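Subject: A structure for you to explore

Hi there,

Here is the structure I promised to pass on to you. Have a look around it first, and then read my notes below.

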Amino acid sequence: MIDHAKLRRESMRWNILLILNNARPIGAYEELILATAQCIYSDTTALELRRELDYLATRMLVVLKKEPGGRWFADLTRHGTDIAEYTVDCDPGIARPQKYW
């Protein structure tokens with residue numbers, strides 16, 4: 001049986017890494033990441049996005065700056081960039097497609 005919630009979480013994590021990889025070297029505020037994620041999953045919420053950003057930060061793939069006004073700013077770490085560019089292996093928890101080239 002397919003676990004759709006798990007598939008969505010792991011896919012969202014991969015898409016966040018790709019969004020931030022395209023935002024390099026500046027990084028991005030959560031509003032930009034959310035708007036882009038909503039193009040893939042139209043019902044993505046800000047809470048869901050923050051939960052996945054927090055997960056990626058825990059794995060040290062993303063650096064989060066939580067501003068006093070409530071906005072979050074995210075940027076890839078060196079390891080997050082390596083994951084997005086397929087230069088290192090990806091541990092379970094992120095739905096990175098197999099490299100085909």
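In which sense do β1 and strand β3 pair, and over how many bridges? β1 and β3 (residues 72–76) pair in the antiparallel sense, over two bridges. Before going on, please note that this is a predicted model, in which local features need pLDDT of at least 70 and side-chain atom pairs count only at pLDDT 80 or more, while totals for chains, interfaces and linings use all residues. Residues are numbered from 1 along each chain as its sequence is written, and side-chain values use heavy atoms, with hydrogens and water left out.

Some vocabulary: helices (H or I, at least four residues) and strands (E, at least two) are DSSP runs, numbered from the N terminus. Two strands pair if DSSP finds at least two bridges between them.

The sheet

Three strands make up an open sheet in the order β1-β3-β2, with antiparallel pairing. β1 (28–29) and β2 (62–66) are at the edges with a single partner strand each, so one side of each has no neighbour in the sheet. Between β1 and β3, A28 has A74 as its bridge partner, and Y29 stands opposite F73. Five bridges join β2 to β3, and V63 is found opposite D75 there. β2 and β3 form a hairpin with five residues between them, and G70 in the turn has a positive phi of about 105 degrees.

Four of the five residues of β3 are buried (under 20% relative accessible area, with a 1.4 Å probe and protein chains only). β3 is therefore largely enclosed by the rest of the structure.

The helices

Helix α1 (residues 4–22) lies across β1, β2 and β3, at about 85 degrees to β3. Axes here are lines fitted to C-alpha atoms, for helices over the stretch in contact, and angles run from 0 to 180 degrees between N-to-C directions. Helix α3 (residues 46–58) lies across β2 and β3, at about 125 degrees to β2.

How do α1 and α3 pack against each other? Their angle is about 75 degrees and their axes are 10 Å apart, so α1 and α3 are roughly perpendicular (65 to 115 degrees). On the α1 side the contact (heavy atoms within 4.5 Å) includes M12 and I16, and on the α3 side it includes L49 and L53.

Many residues of α1 are listed as buried, among them W14, I16 and L20. Their cover includes β1, α2 (30–40), α3, β2, β3 and α4. At the start of α1, a side-chain oxygen of D3 comes within 3.4 Å of the backbone nitrogen of A5.

Two residues to click on

T77 sits in the loop between β3 and α4 (78–84). T77 is buried, at 18% relative accessible area. Leaving aside neighbours within four places in sequence, T77 is in contact with M60, L61, V62 and V63. A polar atom of the T77 side chain lies 3.1 Å from the backbone nitrogen of G80.

Y86 belongs to the segment after α4. Is Y86 buried or exposed? Y86 counts as buried, at 16% relative accessibility. Its contacts, again without neighbours within four places in sequence, include W14, P97 and W101. A polar atom of the Y86 side chain is 2.9 Å from the backbone oxygen of P97. Y86 and K99 are 13 residues apart in sequence, yet 7.3 Å apart in space, C-alpha to C-alpha.

Enjoy exploring!

Notes:
Buried < 20%, exposed > 50% of the residue type's maximum accessible area, 1.4 Å probe, protein only. Polar contact = N/O pair within 3.5 Å; in protein donor to acceptor, adjacent residues only side chain to side chain. Parallel < 35°, antiparallel > 145°, perpendicular 65-115°, else oblique.
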